[in-house]
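Here are a few exercises to work through with the model open beside you. Try each task before you read its solution.

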Amino acid sequence: MTLIRRLNCFDAPKIKKMISYLGDNERISKGLSNEAFGLIHSMLPLKYRFLPESYILLEKKEILGLITVVPTNGNPYKMNITRLIFQQNMYDVGKRLVEFVIARFGAKGATSFKVTVDQSHEELLNLFMQGCGFRQCSYENLWKLDNFKPETGEKADFRYCQNSDAKQIAQLYNNELKNLYKPSLQRIKTEYKEPVFEGLTNFYKNRYVLEEPSNHRIVAYLSITTSDNLNFIIDMSLNDAYNVPYDEIINFALGEISRRKTTFYAFLKHRQYTVNADILEKYLHERNLNCIQTQCVLIKDFYKPIKQQENALQVFLLGENELASN
């Protein structure tokens, strides 16, 4: 008999054994142990949730797989699948776990599910796309800023981001998206507001904005994120109409990281679904930087079926149809 249920504190020894073959399994098991005590959080309505939730599939009391979902900060109706672990070659276990969380959170009001998968994992891509109905939007790359040598020593004059900036930042990000990807990847302003329970999240993020001095219009947004205080991911959104040099932005970001860490690794996120993706990629090649990771961005929209009225009359119009005038 198989069973899917929420991870609890008594599962810790079995989970540790199951993930013993993974790299950095101590950090993963510690994170899962913390999630196992979040029973009260799982009882909240979806709109109030902000922490990761993990579920396990058991057969004869043996854990065969685990999945973790995290609501998007500021928009808990957009769910992110951040972890999927299952016994070797048991792809059916992975498929059942994905289908479980889609059905569970979709029934609670979730509208979309997102996952990023390394492009080299063909079996996992097939699991999500062919097995679970996800579609591939685009790619996200990480470029390692190793021995970064800018052409200028100037730094852009960023300031710390405030909640009042959220609307402009969302517009900035959405304007960067290629039209093809806007329906799936657009963000709302609350996604750029500081979380109320920021101290309980499993990562640390600093956020900055760059303003046009004459009118205080935000022309660039920068975030620096880390989950282990060693590896830092730099992400940015820019206004096309303003020529803000990449060198100055990266110099500023590296300076902010070095203020708190003497030893660190920095990576720049390159989102291929933006209008300036090719320009940024050319710049990174010119600086002799290396792309160390490429992940496919997969999306599944969840639509709750509308209950039809009994004996409802269906009308189909064939041939030329007149457009109703308003």
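**Exercise 1.** Which residues does Phe 158 touch, not counting residues up to four places away in sequence?

*Solution.* A word on ground rules: this is a predicted model, where local features need pLDDT of at least 70, side-chain atom pairs count only at pLDDT 80 or more, and totals for chains, interfaces and linings use all residues. Residues are numbered from 1 along each chain as its sequence is written, and side-chain values use heavy atoms, with hydrogens and water left out.

Step 1: look for contacts, meaning heavy atoms within 4.5 Å.
Step 2: skip anything up to four places away in sequence, and Phe 158 is left touching Tyr 208, Val 209, Leu 210, Ala 220, Leu 222, Ile 249 and Phe 252.

**Exercise 2.** Work out which elements build the largest nonpolar core.

*Solution.* Step 1: pin down the term. A nonpolar core is a set of buried Ala, Val, Leu, Ile, Met, Phe, Trp, Tyr and Cys residues joined through side-chain atoms within 4.5 Å, where buried means under 20% relative accessible area (1.4 Å probe, protein chains only).
Step 2: take the 29 residues of the largest core; Leu 145, Phe 158, Leu 222, Ile 234 and Leu 268 have the most contacts inside it.
Step 3: assign elements, using DSSP runs numbered from the N terminus (helices are H or I, at least four residues; strands are E, at least two). Two or more core residues come from each of β8 (204-212), β9 (217-226), β10 (231-238), α8 (246-260), β11 (265-271) and α9 (277-286).
Step 4: pick the top contributor, which is α8, with 7 residues.
Step 5: check for another core. One of 28 residues lies apart from it, and Leu 57, Phe 113, Leu 125 and Cys 296 are among its members.

**Exercise 3.** Ser 223 and Ser 184: is each one buried or exposed?

*Solution.* Step 1: start with Ser 223, which sits in strand β9. Its relative accessible area is 5%, so Ser 223 is buried.
Step 2: find its neighbours. Leaving out residues up to four places away in sequence, Ser 223 touches Lys 205, Asn 206, Arg 207, Ile 233, Ile 234 and Asp 235.
Step 3: move on to Ser 184, found in helix α7 (residues 182-185). Ser 184 counts as buried because its relative accessibility is 14%.
Step 4: with the sequence cut-off of up to four places again applied, Ser 184 touches Arg 135, Cys 137, Ile 299 and Asp 301.

**Exercise 4.** Which elements do the buried residues of α6 pack against?

*Solution.* Step 1: list the buried residues of helix α6 (residues 166-176): Ala 166, Ile 169, Ala 170, Leu 172, Tyr 173, Asn 174 and Glu 176.
Step 2: follow their contacts, and you reach α7, β8, β9, β10 and β11.

**Exercise 5.** Which residues line the largest cavity?

*Solution.* Step 1: define the space. On a 1 Å grid over the protein atoms alone, a cavity is a set of points where a 1.4 Å probe fits but cannot get out, and lining residues have an atom within 4 Å of a point.
Step 2: read off the lining: Glu 176, Asp 235, Met 236, Leu 238, Tyr 246, Lys 269, His 270, Arg 271, Thr 274, Asn 276, Ala 277 and Leu 280.
Step 3: map the lining to elements; β10, β11 and α9 each supply at least two residues.

Notes:
Buried means under 20% relative accessible area, exposed over 50%, partly exposed in between (1.4 Å probe, protein chains only). On a 1 Å grid over the protein atoms alone, a cavity is a set of points where a 1.4 Å probe fits but cannot get out, and a pocket is an open set with protein on both sides within 12 Å along at least five of seven lines; lining residues have an atom within 4 Å of a point.
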